[in-house]
Amino acid sequence: MSQAAAAKPAGPLPILSNHYVDPHAYPDGVAYLDGQYLPMSQAKVSVLDWGFLHSDATYDTVHVWNGRFFRLDLHLERFFSGLEKLRMTIPFDRDGVAEILHNCVALSGHRAAYVEMLCTRGASPTFSRDPRQAINRFMAFAVPFGSVANAEQLRSGLHVAISDKVRIPPVSIDPSIKNYHWLDLVRGLYDAYDRGADTALILDFNGNVAEGPGFNVFCVKAGKLSTPAVGVLPGITRRTVFDLCAEAGLSVAAADVSVTTLKTADEVFITSTAGGIMPVTTIDGAPVADGKVGAITEHLMALYWRRHDDPTWSSTVRYPT
């Protein structure tokens, strides 16, 4: 600062507001935090929360389709496993969290919903840098269902670009803990956008294909399916594909998938709670096989959505009457 600037008389201090006025728009939905059910626009997290400052959090997402949760038990199992591995605690057991999720959906009225449960490290009342001093914070919300792929992309297939960005190695972050460490994925996504693609896949530490922002990938060759084995989130939809393949008599394995293997596959698809099983028909600007959605992909997509009405894989939301 120059001497002239320092000598200039200071103006009056700005007014200190007694509450925050949020100018932003939010999707229609219901959130739960601190024992309260609120509109999405009222759900807030402190700027001092370790989840915000350090991405110190775990979460899980489940979807509701036609008024039914799909495979909620598996999502709860993974969420509580993440809590344990990160040494976080919440004041609810699995039934308690399930009830909160049901309430969020029922209060929102959404028959098709994207539902998230999350726990942040929280904040320390003294701003301590010791994570053991932070008070863990559980939250949940339900908003309208959104898919990685839109209706046209589900019909004709996605265009995916393979970025040279490398996924955080599992020796650094256990990929079985669903987390918000997404900068590698986001950088890959911008690489894909720069190349005119819809979304991205990034590599593992050995140069093989890993996963994309929020999804796993499968390829089909000579009727056999494979999906990356290491350095990826073991997705619930990924697991569902294994279950469906077992029922359909299809061969599927988790193994290294090279870039060449993916590009020369007969079929490619991605899997996510946000969209289910979604076809990929173009990779790096070149068609996958004949550039059309493959027969095995179509068959698995049909099986996947059919199972949403199966009471062994889904549970009904208790909407108000």
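**Salt bridges, helices and surface of a predicted chain**

Across the whole structure, a search finds 17 salt bridges. The model is a predicted one, and the chain that carries these pairs has 9 helices and 15 strands. Along its principal axes, the C-alpha trace spans about 75 × 60 × 35 Å, and buried residues account for 49% of the 321 residues in the chain. Side chains of opposite charge can pair when their charged atoms come close, and a few of these pairs offer a convenient way into the structure.

One of the salt bridges joins the side chains of R155 and E152, with an N to O distance of 2.8 Å. Both residues belong to helix α5, which covers residues 151–156, and because they stand 3 residues apart there, about one helical turn separates R155 from E152. R155 has a relative accessible area of 58% and is therefore exposed, since the threshold for that class is over 50%. Its partner E152, with a relative accessible area of 43%, is partly exposed.

A second salt bridge is formed between K165 and D164, whose closest N and O atoms are 3.3 Å apart. The two partners differ in their surroundings: K165, at a relative accessible area of 16%, is buried, whereas D164, at 57% relative accessibility, counts as exposed. This pair is also part of a wider arrangement, for D164, K165 and D191 are linked in a network of salt bridges.

A third salt bridge brings E211 together with R167, the closest N and O atoms lying 2.8 Å apart. This pair links distant parts of the chain, the two residues being 44 residues apart: E211 sits in the loop between β8 (199–203) and β9 (216–221), while R167 sits in the loop between β7 (158–166) and α6 (183–194). Both ends of the contact are covered, as E211 is buried with a relative accessible area of 4% and R167 is buried with a relative accessible area of 11%. Each value is under 20%, so both residues meet the criterion for the buried class.

The next step is to consider how two of the helices are arranged. Helix α3, made of residues 72–85, and helix α4, made of residues 94–108, have axes that come within 11 Å and cross at roughly 120°. An angle of that size is neither under 35 degrees nor over 145, and it also falls outside the range from 65 to 115, so α3 and α4 are oblique to each other. The crossing in which α3 passes α4 is right-handed.

On the surface, V47, L48, F52, L53 and F127 form a nonpolar patch, and together these residues have about 500 Å² of accessible area. One of its members, L53, lies in helix α2, which covers residues 50–54. L53 has a relative accessibility of 37% and for that reason counts as partly exposed.

Several loop residues also deserve attention, beginning with two whose backbone has a positive phi. N66, although not a glycine, has a positive phi of about 50°, and N66 is found in the loop between β3 (57–65) and β4 (68–70). A289 likewise is not a glycine and has a positive phi of about 55°; its place is the loop between β14 (286–287) and α9 (295–306). With a relative accessible area of 47%, A289 is partly exposed.

Two further loop positions can be used to relate sequence separation to distance in space. D198 is found in the loop between α6 and β8 and, at 30% relative accessibility, counts as partly exposed. From D198 to W305 the separation is 107 residues in sequence and 23 Å in space, C-alpha to C-alpha. V257, by contrast, occupies the loop between β11 (251–254) and α8 (259–263) and, at 1% relative accessibility, counts as buried. V257 and R94 are 163 residues apart in sequence, and their C-alpha atoms are 35 Å apart in space.

Conventions: Residues are numbered from 1 along each chain as its sequence is written. This is a predicted model: local features need pLDDT of at least 70, side-chain atom pairs count only at pLDDT 80 or more; totals for chains, interfaces and linings use all residues. Side-chain values use heavy atoms; hydrogens and water are left out. Patches are made of residues with over 30% relative accessible area and no salt bridge: like charges are joined within 9 Å, nonpolar side chains (Val, Leu, Ile, Met, Phe, Trp, Tyr) within 5 Å. Accessible areas come from the Shrake-Rupley method with a 1.4 Å probe; for residues, only the protein chains shown count as cover. A salt bridge is a side-chain nitrogen of Lys or Arg within 4 Å of a carboxyl oxygen of Asp or Glu. Helices (H or I, at least four residues) and strands (E, at least two) are DSSP runs, numbered from the N terminus. Buried means under 20% relative accessible area, exposed over 50%, partly exposed in between (1.4 Å probe, protein chains only). Axes are lines fitted to C-alpha atoms, for helices over the stretch in contact, and angles run from 0 to 180 degrees between N-to-C directions. A crossing is left-handed if the near helix is turned anticlockwise from the far one by less than a right angle, and right-handed if clockwise.
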